[in-house]
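Subject: Structure handover

Dear colleague,

Here is the structure for your files. My notes on it follow below.

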Amino acid sequence: MAPMPTPHDEVPDLSTVWLRVFLEVARHGSFTVAARALGWTQSAVSRQVAALEAALGGGPLFDRLPRGVRLTEAGRLLVPHAETVVAALHDARRELGALREAAGGRLRFGAFATADAALVPHALALFRARRPGVRVCREEGFTPALLDRLTAGHLDLAVVSTTGRAPLESYALHHLLDEPLYVAVAADHPLAGQDGPVPLGRFADADWISGSARPEDTLLTAALRQGFRPRIAHVVGEWTAKQGYVAAGLGVTLVPALAAASARPDIRLLRVLDEGAAVRAVYAATVRGRPLTPATAAFLGALREATARIPA
């Protein structure tokens with residue numbers, strides 16, 4: 001059996017408030033200045049220091065001078081121990097707060113529409129299973145608008161792509177995947193039975209269905225890089241509606257890999273031959289220099305894991 005501690009072995013019953021006040025006085029060399037920094041009265045500061053001196057055996061920790069105070073030898077000895085205790089308690093509070101935030105807290109994220117077809121649902125399911133207490137707020141939009149929301153502090157993370165000319169370089173970009181493209185054609189299209197990738201130039205004379213009249217703002221920038229300007233016959237915003245136009249034989253459209261799994265059975269997807277321009281990059285964007293919250297970091301991990309489930 002371990003020996004009973006003697007009175008000299010007992011840990012003194014100290015208040016952390018006493019230690020904080022003691023360090024403040026030591027830092028400023030003045031009860032008056034310390035009281036001002038703490039928002040207390042000078043007499044309250046003096047009482048806290050006196051209580052600490054009494055708990056430690058009654059010896060003075062400061063020499064009272066005509067102007068201010070000076071640490072005694074005992075006071076100088078106590079300073080590093082007091083700093084260690086206060087710093088340890090601060091760290092404990094910070095780590096416990098992070099733990100609470102990871103278990104609960106809030107996640108605000110946005111994603112462009114085709115990311116919502118497969119990538120985001122898979123990631124969100126993983127995240128929900130691991131962080132059920134986190135309150136999730138989701139938005140859908142085009143990459144430029146999502147980046148504006150991110151910059152303004154309304155989002156913690158945005159799933160964005162290199163479609164169009166969004167200024168991605170000013171953000172912290174966490175690469176998720178390089179996404180191949182497909183051309184969607186009607187089931188009776190002459191190329192519908194084509195095996196293997198097809199050069200995008202084969203569709204230079206086709207009618208195109210696009211989300212914008214300006215190909216520069218869409219996936220059709222790939223066509224511009226291949227040397228032809230696509231003839232946009234129909235401007236259709238919704239992906240499901242684009243498929244209907246294709247199935248009716250009204251034109252062809254580009255489909256990213258993220259949306260390929262949800263294609264209608266009455267259209268055919270032809271892989272675009274990778275000629276150095278027929279892919280787009282997908283990123284999780286955060287504000288550069290802004291630390292990730294535990295919930296945001298956990299969702300980023302779920303996005304990376306879900307990326308592996310997207311068909312190549």
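A contact, as used in these notes, means heavy atoms within 4.5 Å. This is a predicted model, in which local features need pLDDT of at least 70 and side-chain atom pairs count only at pLDDT 80 or more, while totals for chains, interfaces and linings use all residues. Residues are numbered from 1 along each chain as its sequence is written, and side-chain values use heavy atoms, with hydrogens and water left out.

Helices and strands

Helices (H or I, at least four residues) and strands (E, at least two) are DSSP runs, numbered from the N terminus. Residue A298 sits in helix α10, which covers residues 294-307. Not counting residues up to four places away in sequence, A298 is in contact with F127 and R131. From A298 to S161 the distance is 21 Å, C-alpha to C-alpha, with their positions 137 residues apart in sequence.

Helix α3 takes in residues 42-55. The expected span of a helix is 1.5 Å times one less than its number of residues. For the 14 residues of α3 this gives 20 Å, and the end C-alpha atoms are 20 Å apart, so the two values agree. Buried means under 20% relative accessible area, exposed over 50%, and partly exposed in between (1.4 Å probe, protein chains only). In α3 the buried residues are A44, V45, Q48, V49, L52 and E53. An α-helix has 3.6 residues a turn, so residues three or four places apart point the same way. Just after α3 comes G57, with a positive phi of about 115 degrees.

T221 belongs to helix α7, residues 221-225. T221 counts as buried because its relative accessible area is 17%. Leaving out residues up to four places away in sequence, T221 touches P215 and E216.

The aromatic cluster and its surroundings

Rings of Phe, Tyr and Trp (its six-membered ring) pair if their centres lie within 6.5 Å; planes under 30 degrees apart count as stacked, over 60 as edge-to-face and the rest as tilted. Searching the whole structure gives 5 aromatic pairs. One of them joins F22 and F62, a tilted pair at 5.5 Å centre to centre with 50 degrees between the planes. F22 is in helix α1 and F62 in strand β1 (residues 62-64), 40 residues apart, so this pair links distant parts of the chain. Both F22 and F62 are buried.

F31 also pairs with F62, edge-to-face, at 5.9 Å centre to centre and 70 degrees between the planes. Since F31 lies in helix α2 (residues 31-38) and F62 in strand β1, the pair ties together parts 31 residues apart in sequence. F31 is buried as well as F62. Through these ring pairs, F22, F31 and F62 form a cluster.

Which residues does V69 touch, not counting those up to four places away in sequence? They are V25, G29, S30, F31, F62, D63 and R64. V69 is in strand β2, residues 69-71, and is buried because its relative accessibility is 12%. Its C-alpha atom is 84 Å from that of Y245, which is 176 residues away in sequence.

S30 is found in the loop between α1 and α2. With a relative accessible area of 12%, S30 is buried. Outside its neighbours within four places in sequence, S30 is in contact with V25, G68 and V69. The C-alpha atoms of S30 and A184 are separated by 78 Å, and the two residues are 154 residues apart along the chain.

Pockets

On a 1 Å grid over the protein atoms alone, a pocket is an open set of points where a 1.4 Å probe fits, with protein on both sides within 12 Å along at least five of seven lines; lining residues have an atom within 4 Å of a point. Grid points are joined across faces, edges and corners, and a volume is the space filled by probe spheres set on the points.

The largest pocket has a volume of about 840 Å³. Its lining has 33 residues, and A113, F142, G237, K242 and R280 lie nearest the centre. Two or more lining residues come from each of α6 (143-151), β7 (207-210), α8 (239-247) and β9 (253-256).

The second largest pocket holds about 170 Å³ of space. T16, R20, V86, L89, H90 and R93 line this pocket. At least two of these residues come from each of α1 (16-28) and α4 (73-103), with α4 giving the largest share, 4 residues.

Regards
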